[in-house]
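Thanks for coming, everyone. I'd like to take you on a quick tour of one protein model, so have a look at the screen.

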Amino acid sequence: MLRIQIIVIVSFFTLFLILFSSTVPDAAVSISDDDGYKMPPKHIADLVDAPWTPGVSISPDYEYLLIRKWPGLKPIEELAQPELRLAGYRINPGTNAPSRGWRYNEFLFKKIPDGKEMLISGLPEDPVISEYKFSPDGKKLAFILTEGNRLELWVADVRTAEARKIVDGGISAAFSDPYEWFPDGRELLVKMILPDRGEAPQKPLSPHGPNIQSNTGGKTPARTYQDLLENKYDEQLFEHYFTSRIFTVDLKGNMAPVGEPGIIMDMKISPDGDYILTQTIHRPFSYTVPAYRFPRKIEVLDIDGKSVFVVDDLALADDIPISYDSVRKGKRRVGWRQDEDATLYWVQALDEGNADIEAEHRDGVYTLEAPFDGQPRELIKLGFRCDNLYWYDDDLAIVTESWWKTRQERFWTIKPGNRNTQPNILFDRSYEDRYNDPGNPVTTCKDGRRVLLTSDKGRSIFLIGQGASPEGERPFIDEYHLKSGSVTRLFRSESPYYQSPQWLIDPKKKLLVFSEESIEEPPNYILKDLRKGKETRLTSFPHPMPQMKGVHKELITYQRDDGVRLSATLYLPPNYNPDDGPLPMLMWAYPREFKSADAASQVKGSPYNFVRIWWSNPKLWLIDGWAVLDGPTMPIVGEGDEEPNDTYVKQLVASAKAAIDEVVRRGVADRNRIAIGGHSYGAFMVANLLAHSDLFKAGIARSGAYNRTLTPFGFQSENRTLWEAPEVYFRMSPFMHADKVNEPILLIHGEADNNSGTYPMQSRRFYDALKGNGAVARLVMLPHESHGYRARESAMHVLWETKNWLDTYVRNR
């Protein structure tokens, strides 16, 4: 123990010199003749450019499907547009909207069940569509259309598919979700930029003074957030771009202001349309936590904008303990009961929000009905943290709770209108146990309100689950009788398909819409009469990549040397013949922590899913002749009082060895030509495997964190701080073992990574350490890219780098 502590102290001192000494320059970066974006071979590029299978939604009245089409990856020019990074948010200052969201370029409606299609008309050429919402009655669809630097609000009639613009710019979408439908579908609430806000503040040429933060002694730990406010100028920019005012707008475009301007984070209309629940951020701001933890006033306005009730005025939440299940003090999860006209509900911590202290009750759930001048009513006290609430009527609501330390969850039924009735437990189980997961309650839109879907006058509910089993996932929908606990299985996925229930559109007639896919068929949607067995196909999306037909897919299981069962999905190239012999293989994985070896041993995935090829997915390399082992489970188990990460490296290496032994035993992989890859925590895994084993011939690590001393207040599922478990942080940090990495490693990272903990500096410093110790390493930093890569140029270049790396150090080694 003393030796480990000395090593840790010495390493911290060395790290301090590397990171902070002004006399130690960054390691020189080699500049070669291959600068600039590169393209992979055509057979790989064609997969990247293949059309994406459309997304599908359904109208609240279950009469129409909405088919949403994407234009593909963005050009780098779009990512290179001006971007402000303020208080944990990233916006385009020109549009006053998020800078990195996905966009659609085509919407069409499809009638159920006859399949008649109608392309939304009236839009400009090559529209950029986002933020879509059906009206509560399902008769109209609203969406945001971006024209240059202007956000416009459009509304389409679902029955005619004719769209028209009702707000011509000036919409504020800095927090996303910039509008809400009124319950009657005749008006909307919209957050608008102040018409007189003027030009953005100009950055001063000289500083006003030093930027100072101080702590008076209280504990205020925080995770390693990015894009935080840093100075007074940032504060001014935040107020300028995030301040808005609420307006009502009718379908003719007539507008009227509601309430006062503010940094309005959220707004929700009561089910009767008479009140507006707002959440408005105010000073003092913080330089250590994102905006969602800033002081916040939660308030009810009447329809004219007058304040009628202040729910809470939350203080700055910079003192939330880092332990999982710790939460903010005060009221949270504030909303409207969907089964009542105007009744508020909220959740409030009963343990000061601190998961580390002992407490009989952790959370309470409360309601208060209009006109909000009475006393709040307590519905239930919970021993864990509240997760979800499902409303139906005064005789039925479902409350779910969970607790991370024990991996336990409970489902309760309550009677919101009866003070004298005790809660009834539905399920009390480990959420790690996927085989016995009963599923989640199904909701429906009733009179424009999202409530539980029931049958038999509220005596039964419906549950949809993934249906994990030793044979793989088989999604299902059950009818569950609340009083008796009896279950009627209505539908279960059957081989050779992966069938997933989507919407039970008529519980009396038992009409179900489910998606169906197979290894060579993309997801399509089918309407099934569960009583008669009749099926009606609603969509017929073609295979987007016919060149990938003939891929071999198999869900395999094997065992680790400590007895833990493992699983993975094995893919072999199109038309592979076993006589061809073992292939070079790419494994791609992501470790996960468990408190139960039995749960860790459960099979994950399905043998019948469609072989989707996304550019960043390892399955793409099948087209290049590689075998792929996707998602080999890497469980890190700590049962009882044991912490999983205390034996992280040992379990990780054992899992990797078991996977290699299995594919070699099957004769599909050459032990001397296997590479390991991963993204984020998977990249961290890659670096550790190369440092602590000689199982792989090369590694590919994307957007990882390699030095855990730079995330000292916890990471992933590690709840302890650096000062509580220094040996664990040291052992798990590949940076501390860079001298042991003796296989080639390709590091890729977005220069604008905003994920907590994976600062771009992590890859830069790890590369410096590898280079300084003589390792074969290459560092690729992608301009303008965040934690996931969005630009076509970036994707193509990553694939070019990856192919060269795999060919050089694995296939042709």
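I'll go through the pocket and the cavities, then a couple of helices, and then some details of the backbone and the side chains.

Two bits of housekeeping. This is a predicted model, where local features need pLDDT of at least 70, side-chain atom pairs count only at pLDDT 80 or more, and totals for chains, interfaces and linings use all residues. Residues are numbered from 1 along each chain as its sequence is written, and side-chain values use heavy atoms, with hydrogens and water left out.

Okay, the pocket. On a 1 Å grid over the protein atoms alone, a pocket is an open set of points with protein on both sides within 12 Å along at least five of seven lines, while a cavity is a set of points where a 1.4 Å probe fits but cannot get out; lining residues have an atom within 4 Å of a point. For volumes, grid points are joined across faces, edges and corners, and we take the space filled by probe spheres set on the points.

So how big is the largest pocket? Its volume is about 940 Å³. It is lined by 34 residues, and the closest to its centre are Q213, Y225, L228, Y287 and T288. Let me say how I name elements: helices (H or I, at least four residues) and strands (E, at least two) are DSSP runs, numbered from the N terminus. Strand 3, residues 84-86, and helix 4, residues 232-242, each put at least two residues into that lining, and strand 3 gives the most, with 3 residues. On chemistry, we count Ala, Val, Leu, Ile, Met, Phe, Trp, Tyr, Cys and Pro as nonpolar, Asp, Glu, Lys and Arg as charged, and the others, Gly among them, as polar. That splits the pocket lining into 17 nonpolar, 8 polar and 9 charged residues.

Now the cavities. A search of the whole structure turns up 3 of 30 Å³ or more. The second largest has a volume of about 50 Å³. Residues lining it include E471, R474, Y497, Y498 and Y608, and by class its lining comes out at 4 nonpolar, 4 polar and 4 charged.

On to the helices. The expected span of a helix is 1.5 Å times one less than its number of residues. Helix 6, residues 648-665, has 18 residues and runs 26 Å from first C-alpha to last, close to the 26 Å expected. Is helix 6 enclosed or open? Here buried means under 20% relative accessible area, exposed over 50%, and partly exposed in between, with a 1.4 Å probe and protein chains only. In helix 6, 13 of the 18 residues are buried, so it is largely enclosed by the rest of the structure. Just after it, G667 has a positive phi of about 80 degrees.

Helix 9, residues 760-772, has 13 residues and reaches 19 Å, close to the 18 Å expected. Its buried residues include P760, F766, Y767 and L770. Just after this helix, G774 takes a positive phi of about 85 degrees.

Next, some backbone details. Which residues other than glycine have a positive phi? One is N96, with phi near 60 degrees; it sits in the loop between strand 4 (89-92) and strand 5 (97-98) and is buried, at 1% relative accessible area. Another is R333, at about 50 degrees. R333 belongs to strand 19, residues 331-336, and is partly exposed at 38%.

There are cis peptide bonds to point out too. The one from I112 to P113 has omega near 5 degrees, with P113 in the loop between strand 6 (106-111) and strand 7 (117-119). The one from A370 to P371 has omega near 10 degrees, and P371 is in the loop between strand 21 (363-369) and strand 22 (377-382).

How many disulfides does the search find? Zero: it finds 0 in the whole structure, taking a disulfide as a pair of cysteine sulfur atoms within 2.5 Å. As for cysteines, C386 is buried at 6%, and C445 is buried at 18%.

Last stop: M39 lies in the loop between helix 1 (2-20) and helix 2 (42-48) and is partly exposed at 45%. M39 and H797 are 758 residues apart in sequence, yet their C-alphas are 5.8 Å apart in space.
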